[in-house]
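Me: I'm new to this structure and would like to understand the words people use for it. Could you take me through the reasons behind them?

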Amino acid sequence: EKITISVIKADIGGWPGHCKVHPALIEKANELLNKAKEEGIIIDFHATYCGDDLQLIMTHKHGVDSEKIHGLAWDIFKEATEIAKELGLYGAGQDLLKDAFSGNIRGMGPGIAEMEITLRKSEPIVTFHMDKTEPGAFNLPIFRMFGDPFNTAGLVIDPNMHMGFRFEVWDIKEHKKVILNSPEELYDILALIGAKSRYVIKRVYPKKGHKLPEDEPVAVVSTEKLYEIAGEYVGKDDPVAIVRAQSGLPALGEVLEPFAFPHIVSGWMRGSHNGPIMPVPLKYATPSRFDGPPRVVALGWQINKDGKLVGPVDLFEDVAFDEARKKALEIADYMRRHGPFEPHRLPLEDMEYTTLPSVLKKLEERFEPV
Ligand code: 13P
Ligand code: 13P
Ligand code: MG
Ligand code: MG
Ligand code: MG
């Protein structure tokens with residue numbers, strides 16, 4: 001029997017500014033999730049935060065894109081927004097871009113990563129939660145986990161994954177997708193996903209011959225783009241991901257290894273700057289310096305045979321990631337010293353979705369031919 005893991009998140013108000021989720025919002029989420037659990041709608045849940053994004057982690061039997069589950073998440077975000085308003089939190093309801101729920105939370109503002117899977121005898125998973133960045137921030141680490149033998153020893157030495165994986169890549173501007181095989185089409189995959197603001201890894205699947213079902217994902221990333229919904233910049237799309245580990249898949253440590261390198265992502269201040277992503281335990285998931293630098297939290301879980309979430313383990317709460325944090329802070333200093341100059345500030349094309357158009361409009365009449 002299959003179970004579904006859903007991670008649904010939204011920024012419904014920051015405390016203060018864009019720093020952190022207020023505990024009252026998490027408390028409200030816990031209350032409503034607990035009620036849904038008692039009513040048998042969900043099997044298990046955990047509510048937490050990463051920066052100013054409220055994170056709902058749920059297991060259930062309704063499959064992906066379920067009206068019940070999305071509706072539950074929407075109601076929680078709506079009710080918690082009322083508390084955010086009472087507390088005067090910053091940008092209360094920021095990511096709720098539509099008024100009425102109509103069956104599916106997709107395209108309404110929140111970010112969603114979901115997978116329906118047949119549970120293995122032991123099912124270790126990691127949920128990743130990022131703040132102050134965008135879905136393409138997952139391209140490099142997810143590629144490394146499932147495609148790079150210098151990261152994942154198992155691709156070379158484990159016969160159960162030696163055949164590689166399939167990557168589902170979305171063109172988020174043209175709304176198209178393509179499935180590419182690794183390692184055969186490695187260079188094609190990289191040609192696309194290196195352009196991370198446009199091509200994003202949506203899912204990873206096993207290949208034919210793998211012991212896991214070909215049509216059940218082993219990794220999934222939220223790919224919602226807020227500016228496409230709102231028509232203007234309303235905050236970055238602070239993404240989440242779910243990754244399964246072990247036995248035929250990357251080991252837990254191979255899933256985490258990519259984050260030992262704090263790669264450059266876009267987001268940070270006003271969603272308009274490039275900077276390093278810093279792997280942090282929850283207690284440090286409170287971006288403050290220049291509203292950043294961007295953060296990633298990794299929560300480790302075992303899902304038991306009934307679909308219960310056994311965890312979380314705060315996986316970056318380990319001295320082994322101290323050097324990555326130190327490196328991220330060095331890079332943050334270096335990048336900051338560029339002030340408003342590229343490549344710290346995003347290139348023009350990406351600024352088109354933020355406040356730059358209004359600045360240009362103001363100057364329109366003062367431009368003259370040369
Ligand atoms: P243990 O011997 O600690 O179980 O580790 C096994 C392993 O494969 C680690 O990657
Ligand atoms: P969030 O997307 O986390 O709300 O951040 C928005 C922002 O503009 C930070 O400076
Ligand atoms: Mg915010
Ligand atoms: Mg955020
Ligand atoms: Mg945001």
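Me: What makes K20 count as lying over the face of Y49?

Reply: This is a predicted model, and in it K20 is 5.3 Å from the ring centre of Y49. A charge has to be within 6 Å of the ring centre, and within 35 degrees of the ring normal, to sit over a ring. K20 is placed over the face of Y49, so the pair earns the description.

Me: Which ring does the charged end of K202 sit over?

Reply: That is the ring of W170, whose centre is 4.9 Å from the charged end of K202. The limit here is again 6 Å.

Me: Why is the pair F128 and F138 called edge-to-face?

Reply: Two numbers settle this, because a pair of aromatic rings is described by the distance of the centres and the angle of the planes. A search of the whole structure turns up eight aromatic pairs. For F128 and F138 the centres are 6.2 Å apart and the planes are at 65°. Rings pair if their centres lie within 6.5 Å, and planes over 60 degrees apart count as edge-to-face, so F128 and F138 form an edge-to-face pair.

Me: What does this pair tie together?

Reply: F128 belongs to strand 5, while F138 is in the loop between strand 5 and helix 3, so the pair joins parts that are ten residues apart in sequence. F128 has a relative accessible area of 0% and F138 has 1%. Buried means under 20%, so F128 is buried, and so is F138.

Me: How do you know that F316 and F321 are edge-to-face?

Reply: Their centres are 4.7 Å apart, with 65° between the planes. Since the angle has to be over 60 degrees for this label, F316 and F321 qualify as edge-to-face. Both residues are buried. F316 and F321 also belong to one aromatic cluster with F128, F138 and F259.

Me: Now to the metals. What makes D11, H18 and D52 donors of the magnesium ion (ligand 3)?

Reply: Donors are N, O and S atoms within 2.8 Å of the metal. D11 and D52 each offer an OD atom and H18 offers ND1, lying 2.0 to 2.2 Å from the ion, so they count as donors. Along the chain they follow the spacing D-x6-H-x33-D. H18 is in the loop between strand 1 and helix 1, and D52 is in the loop between strand 2 and strand 3, so the pair ties together parts 34 residues apart in sequence.

Me: Are H18 and D52 buried, partly exposed or exposed, and how do you know that?

Reply: H18 has 25% relative accessibility, which falls between the limits of 20% and 50%, so H18 counts as partly exposed. D52, at 1%, is buried.

Me: Why is D52 said to bridge two ions?

Reply: D52 coordinates both the magnesium ion (ligand 4) and the magnesium ion (ligand 3), which are 4.4 Å apart. The protein donors of the magnesium ion (ligand 4) are OD atoms of D52, D53, D131 and D238, at 2.0 to 2.2 Å. D131 lies in strand 5 and D238 in the loop between helix 6 and strand 10, so this pair ties together parts 107 residues apart in sequence. D131 and D238 are both buried.

Me: What makes K28 count as buried?

Reply: K28 has a relative accessibility of 17%. The limit for buried is under 20%, so K28 is buried. K28 is part of helix 1. Beyond its neighbours within four places in sequence, K28 is in contact with E79, A80 and I83.

Me: Why is T48 called buried?

Reply: The relative accessible area of T48 is 5%, so T48 is buried. T48 is in strand 2 and touches residues including I26, L54 and L299.

Me: Which residues of the largest nonpolar core touch the most other members?

Reply: They are L33, L54, L56, M58 and F77, out of 55 residues in this core. Helix 2 gives the largest share, nine residues. Domain 1 and domain 2 each contribute at least three residues. L33 is in contact with residues including I42, F45 and L72. A second, separate core has 37 residues, among them V126 and L155.

Note on methods: Residues numbered from 1 in each chain as written. Chains lettered and ligands numbered in written order. Predicted model: local features only at pLDDT ≥ 70, side-chain atom pairs only at ≥ 80, totals over all residues. Heavy atoms only, no water. Helix = DSSP H or I, 4+ residues; strand = E, 2+ residues; numbered from the N terminus. Buried < 20%, exposed > 50% of the residue type's maximum accessible area, 1.4 Å probe, protein only. Contact = heavy atoms within 4.5 Å. Donors = N, O, S within 2.8 Å, 3.2 Å for Na, K, Ca; no water. Phe/Tyr/Trp six-rings, centres within 6.5 Å; stacked < 30°, edge-to-face > 60°. Core = buried A, V, L, I, M, F, W, Y, C linked by side-chain atoms within 4.5 Å. Domains from an automatic or database assignment.
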